[in-house]
Amino acid sequence: MIHAETFPVPPSFAAQAAVDAPRLRQMTDAASQHPDQFWLDQAGRIDWAVRPTTASSSTFGGDVAIRWFADGTLNASANCLDRHLVTRGDQVALIWQGQDQGQVERLTYRALHQRVCRMANVLRGLGVGRGDRVAIHLPMVIEGVVAMLACARIGAVHVVLFGGFSAEGLADRLVNSGAVVVITADEGRRGAKRIPLKATMDDAVARDGVQVRHVLVLAVTGAAVPMHAGRDLPLNPLLAQAAEDCPAEIMGAEDPLFVLYTSGSTGKPKGMVHTTGGYMVWASYTHELVFDHRAGDVFWCTADISWITGHTYVVYGPLANGSTVVLFEGLPSHPAPGRWWEVIDTHKVTTFYTAPTAIRALMRDGDDVVDRYALDSLRLLGSVGEPISADAWLWFHEKVGRGRCPVVDTWWQTETGGILIAPVPGAVPQKPGAATLPLPGVACVLLTDKGAVIEGEGEGCLCVARSWPGQARTIWADHARFRQTYFTFSPGYYFSGDGARRDADGYYWITGRIDDVINVSGHRIGTAEIEDVVATDHRFVECAAVGIPHDLKGQGLVVFAVARDMAEPGLAEAAALAVTRGVGRYAVPERVYLVPDLPKTRSGKIVRRLLRKIACHELDGLGDLSTLADPTIVDRLIAEVARVA
């Protein structure tokens with residue numbers, strides 16, 4: 001459902017923005033007409049040991065080769081730290097806010113540089129060198145950021161692993177990456193819960209094929225954990241003894257910076273490889289352009305660092321641009337609703353970037369909660385992770401942004417390295433729920449399911465016609481899978497796997513994964529369309545639609561809905577009526593299940609694969625549930641489906 005209202009750029013915002021509408025047109029034209037020169041100019045936004053003379057030599061054909069700035073050399077850690085020491089060494093780089101209000105640590109760029117050098121020297125002392133893989137398995141503490149930058153400093157490839165993975169999930173990634181060192185913690189904190197990180201990692205490291213030589217254990221909670229002689233080392237004493245200076249290893253632009261595993265719904269996880277030069281340019285470029293970065297900004301992206309959003313917009317983009325970054329350990333409503341708003345007011349956050357799932361959860365707390373806070377430091381809001389409904393967009397804009405803050409709804413993927421489609425806030429009017437326009441240099445196209453280009457208004461498969469600097473280079477140890485997954489749908493195009501529609505203004509509206517299209521009696525219905533119309537009934541916080549086999553229709557529609565008041569009568573009928581009115585009678589759901597929550601990854605993505613299996617009563621192959629933020633929700637969903645059946 002397309003929301004008709006357009007929100008113009010506030011004149012006061014546009015007057016101070018680095019990129020206004022004329023400047024955006026100029027950039028878009030330059031990137032299209034003279035791409036090599038445009039990207040070489042953009043390469044100048046970071047520091048190079050040897051500045052590149054070539055932009056891209058990429059091809060989407062044949063065996064597929066993605067290369068950017070290939071004759072340049074640099075270090076990513078130096079770009080986030082050393083380059084700032086003279087001009088902003090005493091500026092706060094990181095504000096770490098723990099779960100409790102009094103748990104706060106502020107690190108200047110100079111202090112962060114010293115911490116990173118200490119960690120890098122610890123790793124070097126263990127024989128870690130250029131190209132070695134280091135697994136980082138930490139909660140949202142400063143040492144997570146420090147470890148990433150320390151790896152980059154010595155040329156090691158970091159592999160950040162989600163703290164909620166099972167031992168099996170960790171072992172799969174350790175084996176595939178060939179990690180030689182793991183950095184973990186005794187425990188993680190998540191509200192009142194303690195996450196047994198070290199115990200789970202012990203189980204993982206003991207499995208066949210794991211090549212880990214050392215496990216470094218950070219004391220977070222101080223819990224006593226078993227230490228295996230000859231392998232495990234307490235990290236805190238090693239850091240205290242390490243030197244505060246560590247020369248940065250000069251890397252080639254195409255040397256790997258990190259491997260990050262996607263939480264693919266089927267098959268083994270894919271280790272996306274991002275390299276140093278192009279990724280750093282893209283992280284800096286998109287952070288500055290999309291978030292209108294200004295000196296003095298306090299930037300808070302709520303993503304875990306184990307997600308690509310945490311890599312690009314908690315660590316590399318903001319720090320490369322000299323921002324002050326908030327790193328938050330806690331939950332949105334712990335110990336009480338309003339915790340996030342308290343953090344914004346306390347630290348004077350100017351830019352707040354979070355996921356629609358979190359926005360809906362905050363809506364559920366009630367307007368009276370957000371109204372208790374000033375939020376007057378906010379200048380810009382952002383959304384990431386999945387399409388945002390118009391209902392959630394409007395609430396975010398009106399209640400959190402007080403109607404004055406533009407909302408940048410961003411579309412991108414682990415594979416893209418950074419944002420591809422978003423409204424540049426000083427230049428592009430916003431439409432609730434629309435990702436809007438591709439950034440300068442991003443050549444998005446819509447294709448039919450047969451691979452034909454769709455011109456003008458239309459709906460189809462979202463693809464990209466030309467490479468961009470932040471694009472993943474390959475899947476670790478499986479380039480054939482990389483080519484097969486992303487470049488065979490239509491030769492010459494990168495296939496995102498997402499569907500989109502383009503309106504008369506050229507704005508893109510993400511309709512969800514292509515495999516999240518349900519075919520009901522010959523009618524193709526995007527799950528995002530169903531979910532949007534249910535969200536127009538404000539009694540529902542969120543929902544997810546999935547398709548199930550149907551003898552007559554081919555597929556039937558099932559909706560799992562979370563209501564504000566689960567005890568209110570007639571909710572299932574109301575959800576079905578919303579679909580009938582908003583889409584048509586042909587789309588009426590076979591079932592509406594009222595559930596307390598939906599299965600989501602910690603990054604906020606709804607795992608529709610699980611919902612489909614539960615709705616179909618296929619309970620033998622649910623797979624690894626450890627990627628879920630709350631694995632216990634699965635049993636509750638199974639019970640509700642069984643009860644209604």
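These are my notebook entries on one sheet and two helix contacts in a predicted model.

**Entry 1: the sheet**

I began by asking in what order the strands of the open sheet lie. I read seven strands in the order β3-β2-β15-β14-β16-β17-β18, and the pairing is mixed. Next I looked up which strands stand at the edges. They are β3 (104-108) and β18 (407-409); each has a single partner strand, so one side of each is left without a neighbour in the sheet. I also noted the twist, which averages 20 degrees from one strand to the next.

**Entry 2: along the parallel strands**

I then followed the pairing from β14 towards β18. Strand β14 (residues 298-301) runs parallel to β16 and is joined to it by three bridges. If you want a spot to click on, Trp300 has Phe352 of β16 as its bridge partner.

From β16 I moved on to strand β17 (residues 380-383), where I found four bridges, again in the parallel sense. Here Tyr353 stands opposite Gly382 of β17. My last step went from β17 to β18, a parallel pair with three bridges. Ser383 stands opposite Asp409 of β18 there.

**Entry 3: α12 on the sheet**

What does helix α12 touch on the sheet? I listed β2 (92-97), β14, β15 (324-328) and β16. The direction of α12 makes about 165 degrees with that of β14.

I checked whether α12 (residues 308-320) is covered or open, and 13 of its 13 residues are buried. Just after this helix I came across Gly322, which takes a positive phi of about 75 degrees.

**Entry 4: back to β16**

Having met β16 (residues 351-354) several times, I asked which of its residues are buried on each side. Thr351 and Tyr353 are buried on one side, and Phe352 and Thr354 are buried on the other, so both faces of the strand are covered.

**Entry 5: α3 against α11**

Away from those strands, I looked at how helix α3 (residues 35-43) packs with helix α11 (residues 276-290). The angle is about 85 degrees and the axes are 9 Å apart. That makes α3 roughly perpendicular to α11.

I wanted to know which residues meet in this contact. From α3 I wrote down Phe38, Trp39, Gln42 and Ala43; from α11, Val281, Trp282 and Tyr285. Sorting the residues of this contact, I got six nonpolar, one polar and no charged.

Definitions and conventions:
Residues numbered from 1 in each chain as written. Predicted model: local features only at pLDDT ≥ 70, side-chain atom pairs only at ≥ 80, totals over all residues. Heavy atoms only, no water. Axes fitted to C-alpha atoms, helices over the stretch in contact; angles between N-to-C directions. Helix = DSSP H or I, 4+ residues; strand = E, 2+ residues; numbered from the N terminus. Parallel < 35°, antiparallel > 145°, perpendicular 65-115°, else oblique. Contact = heavy atoms within 4.5 Å. Nonpolar A, V, L, I, M, F, W, Y, C, P; charged D, E, K, R; others polar. Buried < 20%, exposed > 50% of the residue type's maximum accessible area, 1.4 Å probe, protein only. Pairing = 2+ DSSP bridges.
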